[in-house]
Each structure stands twice: as C-alpha cells, then as structure tokens.
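Colleague: I would like to go through the side-chain contacts and surface patches of this model. Please put it up and we can take them in turn.

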Amino acid sequence: MRARIVRIGNSHGIRIPKLILDETGLSGEVELEVADGQLIVRAARGPRQGWDASFREMAERGDDGLLDAEAIETSDWDEDEWEW
C-alpha cells in the first residue's frame, strides 16, 4: 500500500489508512524510529513499562543488592526506638 507525504504546517506527514490502523492497533501517541533508512512506527510505551520483568531478572542474577550496603550503619535510636 502506498501513501503520499503531505505538508502539514512546517512539518510533513502521512495519512495512515484505517485498515492499517485497525490491523496494527495503533492509536494516540506513537514512537518513531529510523533504522537503515526506514521509518518505524510503534505504540508508545508507558512510563516504567517492563520494569517488573527487569527487576525479576536482576533478582534471578543476584544483582539486586545495595551497592553501598557497608555505608548503612544503624544507630541506637534505629535499634531501640524505630518501629517497623
């Protein structure tokens, strides 16, 4: 399927046929990427999307510990007064 690049103000754009939008499920905000001279349009990812899987992988590798664990020292107040 072909589409024409059209002028939109100071930018340019393309009209995406409804059939393609329906097939891809794209709507609202999208991410654009250029790779090897091609324009790639994909659904925009939400903030922190995929973090759960990354944290799980870190835990499996044992790479989820504090980097400065030695720097954490507890005081008498921490031991006697603080309630968890």
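Colleague: Are Asp 22 and Lys 18 buried or exposed?
Modeller: This is a predicted model. Asp 22 and Lys 18 both lie in helix α1, 4 residues apart, which is about one turn of the helix. As for their accessibility, both residues are exposed.

Colleague: How far apart are the closest N and O atoms of Asp 22 and Lys 18?
Modeller: A salt bridge needs a side-chain nitrogen of Lys or Arg within 4 Å of a carboxyl oxygen of Asp or Glu. Asp 22 and Lys 18 form such a bridge, and the distance between their closest N and O atoms is 2.7 Å.

Colleague: How many salt bridges does the count come to?
Modeller: Besides the bridge in helix α1, Arg 42 pairs with Glu 33, with closest N and O atoms 2.6 Å apart. Asp 63 forms a salt bridge with Arg 61, at 3.7 Å. By this rule the count comes to 3.

Colleague: Does Arg 61 count as buried or exposed, and why?
Modeller: Exposed means over 50% relative accessible area, and partly exposed covers 20% to that limit. Asp 63, the partner of Arg 61, is at 45% and therefore partly exposed. Arg 61 is at 55% relative accessibility, so Arg 61 counts as exposed.

Colleague: What kind of aromatic pair do Trp 51 and Phe 55 form?
Modeller: The whole structure has 2 aromatic pairs. In the pair of Trp 51 and Phe 55, the centres are 6.0 Å apart and the planes are at 70 degrees. Planes over 60 degrees apart count as edge-to-face, so the pair of Trp 51 and Phe 55 is edge-to-face.

Colleague: And what kind of aromatic pair do Trp 77 and Trp 82 form?
Modeller: Their ring centres are 5.8 Å apart, with 50 degrees between the planes. That angle is neither under 30 nor over 60 degrees, so the pair is tilted.

Colleague: Which helix gives the largest share of the nonpolar patch?
Modeller: The patch covers about 690 Å² and is made by Met 1, Ile 5, Ile 14, Ile 16, Leu 19, Ile 20 and Leu 21. Ile 20, at 32% relative accessibility, counts as partly exposed. The largest share, 3 residues, comes from helix α1.

Colleague: In which helix is Asp 78 found?
Modeller: Asp 78 belongs to a surface patch of negative charge, together with Asp 76, Glu 79, Asp 80, Glu 81 and Glu 83. Asp 78 is partly exposed, at 31% relative accessibility. Asp 78 is found in helix α3.

Conventions: Residues are numbered from 1 along each chain as its sequence is written. This is a predicted model: local features need pLDDT of at least 70, side-chain atom pairs count only at pLDDT 80 or more; totals for chains, interfaces and linings use all residues. Side-chain values use heavy atoms; hydrogens and water are left out. Patches are made of residues with over 30% relative accessible area and no salt bridge: like charges are joined within 9 Å, nonpolar side chains (Val, Leu, Ile, Met, Phe, Trp, Tyr) within 5 Å. Accessible areas come from the Shrake-Rupley method with a 1.4 Å probe; for residues, only the protein chains shown count as cover. Lys and Arg count as positive and Asp and Glu as negative; His and the chain ends are not counted. The place of a charge is taken as NZ of Lys, CZ of Arg, CG of Asp or CD of Glu. Helices (H or I, at least four residues) and strands (E, at least two) are DSSP runs, numbered from the N terminus. Buried means under 20% relative accessible area, exposed over 50%, partly exposed in between (1.4 Å probe, protein chains only). Rings of Phe, Tyr and Trp (its six-membered ring) pair if their centres lie within 6.5 Å; planes under 30 degrees apart count as stacked, over 60 as edge-to-face and the rest as tilted.
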